[in-house]
Amino acid sequence: MKKRISAVCAALLLTASMFSGCGKKTDDTPAEETSINIIQDGTEAPAAEGQDGSVTVTTSFVDPGANIDFGGSETAPEVVTEADTGLPENHEDIVSMIEGGIVTEKKPVLTEYNVDFKTRYGYNTLNDQEKALYADILEAVKSVKTKVKVDDSVTNEMWIKVYGCLYMQEPQLFWLTSKKVVKGKLWYWETDPEIIASMQKEIDAKVSDVLAQAQGKDTYGKLKVFHDYITLNNNFVKEEGFNQTIYGGFVKGTIQCEGYAKTMQYLCDMSGIESMVVVGSNEANDTHAWNVVKVDGEWYNIDCTWDDPILSEVDETNVRYRYFLVPDEWIHNKSHFNINKKISGTQLTYFTPPACTSTKMNYFNVTNQVYSDKASADSALKEKLKSTAASKMRAAEIRVSDKSVYDAITADLKDYASWIKSENSSVTSVASNCDPNTLVIELDLIY
């Protein structure tokens, strides 16, 4: 089964990419997180950061996101031989099947998925013609059809906008790919409904476990279960089949930003929590994706990708809450840019997300970890460092209420590093990962 899936996946990767991977800008080299700064000796700091013991607090993450890079014209598949790639002998037949529309008579799959697309926030921002196109594409994808009948009134720009909206807002369609986006045509990671159904059963088993953990909790509690599951059970992988999908998020454990966001949205869908995927970029114009969710009538941002740091060595105990239920003010045009815009090729805005203005349900407010003066912040940070070290976790986080307290605490980061090493000998070094935008003070412990 897995061999067949891999074969189809590999073959489809032959198509010229009209949709680039998460965070793709001009190269394909995965980037390590660059906001980790060693502030005490004991392990080697990343080469770019030097060894002089200085403290550098950086604010942006070189971290990928969903790159909505749709093109308006069809291009031919690359010519790649089996000897070059190790692809199966029938890879050309598989590509021909997709491009030739041979699989147009498949029966619909996943008819049991009950979320009504007409309730989607993004869908309801579309005009009537765009809504009709959205519905047509959705039905075609459910039936694994490779063609959608459209007339000349559907422009390339309309197709790009509607397809992009659907592709991001319907996380259950994990077999759909956007490696190529051409008006009236669809491409897939997998085309066999039986295989798709089998993959869905794998997803269902994991989802059932997560929902059981969330049962009986309020919306905040459910979202925290989802957030922690996604960050602790997945590793960021930039280029791999299904890494932009919930199959990657629930089964393979290897996803990129789009996969993180779709996995969160799928869990929200299954729990009746209103949510959406939002795309954008970081300060360096690397594209990104995260979620906007509704809690107790108010909208908040959640970014699971950036709460699951990319490290040179995977740390499966590492989870943080810097971007768990945060308002726009803390991130828009500070760490997250080009909100829900396609920034390459045909530039457009998919839709304007609802404003996130509340801080009431922010993680640090709910857990009473916001401090308004240096003395209380100092005491809280030391307690957090001790408990983090005792449990062999990585991230010790608190939040302060204003920049003056933030500056006072971050001025003494080397002292905190020395202190926790003297308190707990298992800590070999400490890294700073503080953020003046959210006013979160984070020290990462290395053992």
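Helices (H or I, at least four residues) and strands (E, at least two) are DSSP runs, numbered from the N terminus. This is a predicted model, so local features need pLDDT of at least 70 and side-chain atom pairs count only at pLDDT 80 or more, while totals for chains, interfaces and linings use all residues. Residues are numbered from 1 along each chain as its sequence is written, and side-chain values use heavy atoms, with hydrogens and water left out.

**Exercise 1. Get an overview: how many helices and strands does the chain have, and what percentage of its residues count as buried?**

Step 1. Start with the elements: there are 14 helices and 15 strands in the chain.

Step 2. Now the burial. Buried means under 20% relative accessible area, exposed over 50%, and partly exposed in between (1.4 Å probe, protein chains only). By that rule, 55% of the chain's 447 residues are buried.

Step 3. Then look at contacts, meaning heavy atoms within 4.5 Å. Take those between residues at least 6 apart in sequence: 72% of them join residues at least 24 apart.

**Exercise 2. Find Asp 307 and work out what surrounds it: which residues is Asp 307 in contact with?**

Step 1. Go to the loop between strand 8 (298-302) and strand 9, where Asp 307 sits.

Step 2. Check the burial: Asp 307 has a relative accessible area of 0%, so it is buried.

Step 3. List the partners, leaving aside neighbours within four places in sequence. Asp 307 is in contact with His 227, Thr 231, Val 319, Arg 320, Tyr 321, Arg 322, Tyr 323 and Phe 324.

Step 4. Zoom in on two of these. Val 319 is 12 residues along the chain from Asp 307, with 6.1 Å between the C-alpha atoms. For Tyr 323, the backbone nitrogen is 3.2 Å from a polar atom of the Asp 307 side chain.

**Exercise 3. Explore the largest nonpolar core: which helix gives it the largest share?**

Step 1. Pin down the term: a nonpolar core is a set of buried Ala, Val, Leu, Ile, Met, Phe, Trp, Tyr and Cys residues joined through side-chain atoms within 4.5 Å.

Step 2. The largest one holds 88 residues, and those with the most contacts inside it include Trp 159 and Leu 325. Helix 5 (residues 156-169) supplies the largest share, 9 residues.

Step 3. Follow Trp 159 outwards. Beyond four places in sequence, its contacts include Leu 133, Ile 137, Val 148, Val 182 and Leu 186.

Step 4. Pick Val 182, which belongs to strand 2 (residues 176-182). Val 182 counts as buried because its relative accessibility is 9%. Val 182 and Trp 159 are 23 residues apart in sequence, with 8.1 Å from C-alpha to C-alpha.

**Exercise 4. Look at two phi angles: where is Val 144 placed, and where is Leu 325 found?**

Step 1. Keep the background in mind: most residues other than glycine have a negative phi.

Step 2. Val 144 is in the loop between helix 4 (128-142) and helix 5. Its phi is positive, about 55°, although Val 144 is not a glycine.

Step 3. Leu 325 is in strand 9 (residues 324-326), and its phi is positive too, near 65°.

Step 4. Add the burial: Val 144 counts as buried because its relative accessibility is 0%, and Leu 325 counts as buried because its value is 0%.

**Exercise 5. Turn to helix 14 (413-423): which of its residues are buried, and which are exposed?**

Step 1. The buried ones are Leu 413, Tyr 416, Ala 417 and Ile 420. They cover an arc of only 100° around the axis (taken from the directions from the helix axis to the C-beta atoms), so they are on the same side of helix 14.

Step 2. Flip to the other side of helix 14 and you find Asp 415 and Ser 422 exposed.

Step 3. Now the packing: the buried residues of helix 14 pack against helix 12, helix 13, strand 14 (429-432) and strand 15.

Terms used. Polar contact = N/O pair within 3.5 Å; in protein donor to acceptor, adjacent residues only side chain to side chain.
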